[in-house]
Amino acid sequence: MGELLDGFKNVVTLGKHNQLKAKLSDYRKLRKDLRSQIQVVEEKRLVVNHKLEALVEEKKKSLLALKKIKNISKNLRGKDREFTNPIYKNQTVAVQLSAINKTIAIGEGAINASKGLACGVSTALGSWALVSTYGTASTGIAIGTLSGATATNATLAWFGGGALSAGGGGMAVGTTVLGGLVVVPAIIALAALNYVSVQKKIREVSRAKLKTLREIDNQKRAELAVEALGDRIDELLVTTKKARETFLHEYKRVYKAVYPYNFISKIFKYIRSKLFEASYFTDKDLGHIQHILNVASEFRILIDQKVIDETGRLL
Amino acid sequence: MSENDIQIGKDIVKLITKNGPKISKLEVPSANVFDFFNKLSNAYTEKQITEREIKKIESQERLLCLEITKKYDFYFHLCKHIFAERKVAIAKSFEIIDHGISEKNNDLITAGLKSLSQIVSSSPFANLDNLRKLLESDKIVDI
């Protein structure tokens, strides 16, 4: 019956019925491709979400490590702070310390704001660790707009949340595109018994195919952006961890050199500075301190490194 | 002719009857011959317009298909290449740092960290974006 009916429809529509059937078959295949592509983006999003959480955690650890610098710097006097760094030619110790303190203060603010919360990417801590707020030149590669989100918070929510928090993201857009056409073949193919009518249906299916292709293009772009972000986070994770380990290693070395007998050394330095009005640190100590400040300055840059700007674009 | 075939034939006739008014408008000449030809010519014009539109959509479709396959293959490859290159530079900085630590050489440690922070603070996507703009501008690049 089916074949006979098809044959009849082909006669009535001068062969257009078969064309419509072929178009619909192509469209269904494309729709399947889109679903697979959405699935790929979703899987990669979950992977990147874990990486982002690991980066936030690493930055938190790094900030706590950097704070140790205060154990040494608190005893630096004004004169010591004006000492110009030979490696950082135009920077005095004061300038270096001020930049380090700024990093610590901003990070501590974010940690306090997120107290009691997990290190999620969509928390204040996540924003501090990942989002640039000082107008760093963006590369123009947006993640937010690709996922349907328009701002950084939405981008972070997209990474931090499930598919439902996509904010009209790929999945939702995909459904919208496809929704209206599921019923097209059944109703139209039966009703359209003349050439022009079927031709119009072919045009509608072609339009839907183009729309689906555009959505696949969007999803591919999202996949690229998410994958690139994942690679960037891997890079930051590895380098920040290395810098933290190096800083902690050097901090211990410097601390031991400055305070070889720990508490006794501190008392000795205090008495010497009070009784003899001498500098709390010796010149040799200042050399060690200078070194740890240099290490901390670079470490700070890595902690401050962000991955997206306020508009949700990759940096 | 079997009974089944007869039933199919009946179904088809039923279908034609159901859609009768639509078909008859085009196929059965009305008393007014001019009106009939007018309808035919309208149908022809409509057919031409729709055909043109379909061709336009299909060419956009072909272009987009080609773009999707070629463009993303290229970008994914480029991205991998950029990060692989940076990985090598980062590994070199790690080496310098480790060497500095084992030698207790402060200058080496600072130099290693400085190069590390320079690599990381330079955006891996800056060149990618320039390239994207260049490709989209259709400019001819002299090599």
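Which residues in H2(A) meet which residues in H5(A)? I began my notebook with this question, and I keep in mind throughout that the model is predicted.

**Entry 1, the contact.** I looked up the H2(A) side and found A:Lys60, A:Leu63 and A:Leu66. On the H5(A) side, the residues they meet are A:Ile100, A:Thr103, A:Ile104, A:Gly107, A:Glu108 and A:Ile111. I then sorted the residues of this contact by character, and they divide into five nonpolar, two polar and two charged.

**Entry 2, the geometry.** I noted that helix H2 of chain A covers residues 16–66 and helix H5 of chain A covers residues 93–113. The two pack at an angle of about 130°, and their axes are 10 Å apart. I record H2(A) as oblique to H5(A) because of that angle, which lies outside the range of 65 to 115 for roughly perpendicular and is not over 145, as roughly antiparallel would require. I also looked up the handedness, and H2(A) passes H5(A) in a left-handed crossing.

**Entry 3, the whole chain.** I stepped back to the elements of chain A and counted 13 helices and zero strands, so that the run from the N terminus on is written with α at every position. Chain A has 315 residues, and I find that 51% of them count as buried. For the surface, I noted that chain A exposes about 14400 Å², with carbon and sulfur atoms supplying 60% of it.

**Entry 4, contacts along the sequence.** Last, I looked at contacts in chain A between residues at least 6 apart in sequence, and among these 78% join residues at least 24 apart.

Terms used
Residues numbered from 1 in each chain as written. Chains lettered and ligands numbered in written order. Predicted model: local features only at pLDDT ≥ 70, side-chain atom pairs only at ≥ 80, totals over all residues. Heavy atoms only, no water. Axes fitted to C-alpha atoms, helices over the stretch in contact; angles between N-to-C directions. Helix = DSSP H or I, 4+ residues; strand = E, 2+ residues; numbered from the N terminus. Parallel < 35°, antiparallel > 145°, perpendicular 65-115°, else oblique. Left-handed = near helix turned anticlockwise from the far one by under 90°. Contact = heavy atoms within 4.5 Å. Nonpolar A, V, L, I, M, F, W, Y, C, P; charged D, E, K, R; others polar. Buried < 20%, exposed > 50% of the residue type's maximum accessible area, 1.4 Å probe, protein only. Areas by Shrake-Rupley, 256 points an atom, 1.4 Å probe, with all protein chains shown as cover.
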